[in-house]
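Here's a quick tour of the model below. Have it open as you read, and we'll go through it piece by piece.

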Amino acid sequence: MNEIPTRQILDDLDEIVAIPSVYSAPQEGAPYGIACKQALEWFVAKAKSYGLKAENIDNYCAYAEVGEGKECVGVLAHLDVVPAGGGWSTDPFKMVVDGGKVYGRGVGDDKGPVVVCLHALKSLKDGGAKLKRRVRLIVGADEERGSSCIRHYLEVGGEVPVMSFVPDSEFPIINSEKGIAHIEFIFDDEALCKNVGFISGAECKNALPDRSTVKVIKGSALEAAIKSACGGNVNATLFSRQPAASSVVACKAKPDDFEITCRDGITISAVGTAEHASTPEKGDSALWKILGILAAFNGAIGSKHIQNIFDKMCAGDASAKLGIDFKDERSGDLTMCMSEARIVGGALCLTVDFRLPIGVTAEKVKDNICKALNCRAEILDYHENLYIDPDSPLIKELLDVYVKATGDTTGPLQVGGGTYARELPNAVAFGSTPLGLDINMHRADENFPIEQLFKNYEIYLAAMVRLANL
């Protein structure tokens, strides 16, 4: 039962990475798009081929199960992934093995853990393990957008495990997850919208954008100002000349981070470095750079908001400037990540991902920022904090499994990321990445060490047995 099926794990991971399970427009029978449906179908077919009981639940989620008993232990993971974005060295949906690592979108978040846990279930079945409880691996297809898949599982009567772990964070174990709020701030600004016809940010709400584009309306005052700044011929010297140069410096950017074209109006694009919204300080926002360029030319635009947005939102100390620099010893500091941007009906709309300490609500954050920026706002979604006492049996048992497997005695951690652990009672995030290991999650060239992949198989197999027999 303890022999690691190394070749099979890599082969299965290669297959599931090849399914580009990014959310797309719902279709009949495919609530999260065809690719997400295909990923769930792959999972069920693979589980059944391994002799496991498996079921697809309306193409929202699926499960595979082993063992007997009235109760079950849960393992929750997800098959949806964030958009690939740009900057990859290889095809993001074609797994590559190089230098002791696997590369591809989802190898770490969260397809690698799904495959590892599926093979742990297979090992329990093949080895005839004697368990007091069943072990159920539940996989969803909408974790990256808010976990509606698991809520559907519960709504249609899916069995609630007596205890669960989620292999979608860090080792040793997570006992505190910050609250998560996505809030759209709406700036009514006719002057801006007479000059800007389009603006873009990230492709999802929980990522720092690595590319942002603004389209300047042909014949607008902004177009004339940009042409004048370029000496009459629109070109990339704009970003080395005033007034744009000051904003480039303020963003800690370089002129080479920008592109400019002039076809049916001027289009300016900026590049940065993508990052998960829970750790925006590790990335480089392309959207900040574009907002900086607009602020630089506000003399021509006449916007009543853009300079204030740039000064207060596009800075490392934005939370202090906005009056939301909250913190808590059990859960850490508030963080914010400006992700999506759009122009709609005479307004600039900016979506911000907030990770909130215990005691801070989305409503409080919204009200403080609306006051600071004189704007409207809508809370798109809000998930409260998760906190589990470090002395709880679930935490202690899983920590003991980890210590015995690794010798690492680091205690429970607090994180800004959110997991499925919020969706079920008595659930906690447990791995799959050792503390300090950077796998480029939500960035280009996402990767995972093969040795750690196989180590996780051992850890999760032991954890399943421990909880099932507790």
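## A helix, two cores and some salt bridges

Helix α12 is followed by Asn374, whose phi is positive, near 55°. Before going further, keep in mind that this is a predicted model.

Let's back up into the helix itself. α12 runs over residues 362-373, so to speak a 12-residue piece, and spans 16 Å from its first C-alpha to its last, close to the 16 Å expected at 1.5 Å a residue. Which of its residues are buried? Ala362, Val365, Lys366, Ile369, Cys370, Ala372 and Leu373 are. These residues sit on the same side of α12, because they cover an arc of only 165° around the axis. That fits a familiar pattern: an α-helix has 3.6 residues a turn, so residues three or four places apart point the same way. As for what lies over the buried residues of α12, the cover includes β10 (179-188), α10 (306-313), β20 (347-356) and β21 (376-383).

Now for the cores. The largest nonpolar core has 80 residues, and Phe43 and Phe430 are the ones with the most contacts inside it. Helix α14 (residues 450-468) gives the most to this core, with 11 residues. Phe430 is worth clicking on. Leaving out residues up to four places away in sequence, Phe430 touches a list of partners that includes Phe165, Val166, Pro167, Phe171, Leu398, Tyr402, Ile459 and Ala463. There's also a second, separate core of 61 residues, with Ala181, Ile199, Val248 and Ala372 among its members. Ala372 should ring a bell, being one of the buried residues of α12. In general, nonpolar side chains tend to be buried together in soluble globular proteins.

On to charges. How many salt bridges does the structure hold? The count is 34. Three of them are set out here.

| Pair | N to O distance |
|---|---|
| Arg134 and Glu159 | 2.7 Å |
| Lys227 and Glu223 | 3.8 Å |
| Lys366 and Asp367 | 3.3 Å |

Take Arg134 and Glu159, whose side chains meet in a salt bridge. Arg134 lies in strand β6 (residues 134-140) and Glu159 in the loop between α4 (148-155) and β7 (163-166), so the pair ties together parts that are 25 residues apart in sequence. Arg134 is buried, at 10% relative accessible area, while Glu159 counts as partly exposed at 23%.

The Lys227 and Glu223 pair stays within one helix: they're 4 residues apart in α6 (residues 221-229), which puts about one helical turn between them. Here Lys227 is partly exposed, with a relative accessible area of 31%, and Glu223 is buried, with 7%.

The third pair takes us back to α12, where Lys366 is one of the buried residues. The relative accessible area of Lys366 is 14%, whereas its partner Asp367 is partly exposed at 39%. Elsewhere, salt bridges that share partners join Lys53, Glu65, Arg134, Arg136 and Glu159 into one network.

One last stop: where is Tyr60? Its place is in the loop between β1 (53-57) and β2 (61-66). Tyr60 counts as partly exposed, at 25% relative accessibility. Tyr60 and Tyr153 are 93 residues apart in sequence, yet their C-alpha atoms are 7.6 Å apart in space. Setting aside neighbours within four places in sequence, Tyr60 is in contact with Pro31, Tyr32, Leu40, Gly140, Ala141, Cys149 and His152.

Note on methods. Residues numbered from 1 in each chain as written. Predicted model: local features only at pLDDT ≥ 70, side-chain atom pairs only at ≥ 80, totals over all residues. Heavy atoms only, no water. Helix = DSSP H or I, 4+ residues; strand = E, 2+ residues; numbered from the N terminus. Expected span 1.5 Å × (residues − 1). Buried < 20%, exposed > 50% of the residue type's maximum accessible area, 1.4 Å probe, protein only. Arc of directions from axis to C-beta. Contact = heavy atoms within 4.5 Å. Core = buried A, V, L, I, M, F, W, Y, C linked by side-chain atoms within 4.5 Å. Salt bridge = Lys/Arg side-chain N within 4 Å of Asp/Glu carboxyl O.
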